[in-house]
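Dear colleague,

I am passing on the structure we spoke about, together with some notes on what turned up in it. Please read the notes beside the sequence and the coordinates.

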Amino acid sequence: VMIAALAFAAVADTEEEEQEIASGADASNPTAAVNYQDMRYRYFDIDPDAEKMSFDTEGAYMLHPRFKVTNELRLVYTDQTGSWSTDFEVLKLKGIFLTDGQPFGIKAKYALGLEWIKDLGNLEDGTGSGSDQIAPLAGIGWMPTESDFIITLVQYFYSYDTHDGGSKVRKTGPRLIYIRKLPGIYGWFKADYKGEIDHKDDEDYSSVLELQLGTMFTDRFGAYIEGFLGDDVLSTDQYNYSMGLGIRYMY
């Protein structure tokens with residue numbers, strides 16, 4: 001991906017073209033007003049005897065300059081129960097209201113939203129969570145420079161229905177995201193720290209760190225690689241580590 005990006009950079013015509021292609025970074029920003037759709041593959045190392053692979057599509061569409069709807073659909077293939085199972089894991093739909101602001105004199109965008117999380121898999125097969133959830137969220141996307149974004153966000157997850165023996169969910173998820181535009185490779189770098197406070201388990205705290213490096217080949221098409229740090233570095237019940245590859249379409 002990076003070699004291809006550097007080759008493309010060698011034939012760039014104008015500074016405006018470079019900035020337009022670098023705008024793919026905005027799709028990784030949950031408070032940005034952009035239309036995009038991603039397709040990606042991810043591999044998760046669960047423990048020495050289990051692994052999971054997922055095939056996702058995720059994107060956003062601006063219904064109004066201040067309101068966007070996001071979508072995510074995930075198919076998984078896993079052997080967490082000792083035998084391999086394939087199923088759709090989850091469907092997520094989210095509405096986010098965006099408005100401009102300037103707290104402390106820094107250009108920013110406020111975000112308020114609500115997410116619907118529909119479990120599609122089977123808990124016994126390791127392809128589902130056993131709970132359907134709603135998750136209100138609030139955040140601020142800070143833009144201290146033209147190339148840097150800092151997003152502070154918090155989301156509360158509440159299960160309104162459980163099935164397949166799933167447990168009730170009452171969790172708060174603080175989140176801190178840093179995104180840096182990289183015009184030299186028409187790309188971006190993203191570091192996404194996700195915390196989780198489990199109110200049903202004595203306020204147990206866990207976290208993961210997701211890293212992403214991407215580039216745009218044209219003003220519409222791009223790609224990225226991902227690396228996730230779980231139990232190998234931090235404390236989480238989700239996975240040890242994960243790697244991924246995605247393609248991005250801006251429209």
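Val208 lies in strand E10, and in this model, which is a predicted one, Val208 is buried, with a relative accessible area of 2%. Leaving out residues up to four places away in sequence, the contacts of Val208 are Asp192, Tyr193, Lys194, Leu229, Gly230, Leu234, Thr236, Gln238 and Tyr239. One of these partners, Gln238, is 30 residues from Val208 along the sequence, and the two C-alpha atoms are 8.6 Å apart.

Strand E10 also holds Ser206, which counts as buried at 7% relative accessibility. Beyond its neighbours within four places in sequence, Ser206 touches Lys194, Gly195, Glu196, Ser235 and Thr236. Lys194 and Thr236 appear in that list, and both are also among the contacts of Val208.

Just ahead of this strand in the sequence is a loop that may interest you for its backbone geometry. Asp202 sits in the loop between strand E9 (187-198) and strand E10 (204-216), and its phi is near 55°, a positive value in a residue other than glycine. Asp202 is exposed, its relative accessible area being 74%. A phi near 55°, again positive in a residue other than glycine, is found at Asp164, which belongs to the loop between strand E7 (148-162) and strand E8 (170-182). Asp164, however, counts as partly exposed, at 38% relative accessibility, because its value falls between the limits of 20% for buried and 50% for exposed.

Turning to the earlier strands, Ala60 is placed in strand E2 (residues 50-64) and is buried, with a relative accessible area of 1%. Apart from residues up to four places away in sequence, Ala60 touches Val34, Asn35, Tyr36, Gln37, Lys68, Val69, Thr70, Asn71 and Tyr251. Of these, Gln37 is 23 residues from Ala60 in sequence, with a C-alpha to C-alpha distance of 6.6 Å.

Arg66 follows in the loop between E2 and strand E3 (67-78), where it is partly exposed, with a relative accessible area of 44%. If neighbours within four places in sequence are set aside, Arg66 is in contact with Ile96, Phe97, Leu98 and Thr99. The C-alpha atoms of Arg66 and Ala33 are separated by 7.4 Å, although the two residues are 33 apart along the chain.

Gly141 belongs to strand E6 (residues 131-142) and counts as buried, at 3% relative accessibility. Its contacts, leaving aside neighbours within four places in sequence, are Thr31, Lys107, Ala108, Lys109, Ile150 and Ile151. Gly141 and Gly59 are 82 residues apart in sequence, and 18 Å lie between their C-alpha atoms.

What pattern does the protein chain follow along the sequence? It reads α-α-β-β-β-β-β-β-β-β-β-β-β-β, with 2 helices and 12 strands. The radius of gyration is 19 Å, close to the 18 Å that the globule rule gives for 251 residues, so the protein chain is as compact as a globular protein of that length. Along its principal axes, the C-alpha trace spans about 55 × 40 × 35 Å.

Of the 251 residues, 45% count as buried, and the chain exposes about 12400 Å², of which carbon and sulfur atoms supply 58%. Among contacts with a separation of 6 or more, 52% are made by residues 24 or more positions apart. As for charge, the protein chain has 22 positive and 41 negative charges, whose mean positions are 7 Å apart.

Finally, a word on confidence, which you may wish to keep in mind before setting anything up. The mean pLDDT of the protein chain is 91, and 91% of its residues reach 70 or more. Over residues 2-13, by contrast, pLDDT stays under 50, and for this stretch the model has 14 contacts beyond four places in sequence. Where pLDDT is low, the predicted coordinates should not be read in detail.

With best wishes

Key:
Residues are numbered from 1 along each chain as its sequence is written. This is a predicted model: local features need pLDDT of at least 70, side-chain atom pairs count only at pLDDT 80 or more; totals for chains, interfaces and linings use all residues. Side-chain values use heavy atoms; hydrogens and water are left out. Helices (H or I, at least four residues) and strands (E, at least two) are DSSP runs, numbered from the N terminus. The radius of gyration is taken over C-alpha atoms; the globule rule is 2.2 Å times the number of residues to the power 0.38. Buried means under 20% relative accessible area, exposed over 50%, partly exposed in between (1.4 Å probe, protein chains only). Contact means heavy atoms within 4.5 Å. Accessible areas come from the Shrake-Rupley method with a 1.4 Å probe; for residues, only the protein chains shown count as cover. Lys and Arg count as positive and Asp and Glu as negative; His and the chain ends are not counted. The place of a charge is taken as NZ of Lys, CZ of Arg, CG of Asp or CD of Glu. pLDDT is the predictor's confidence in each residue, from 0 to 100.
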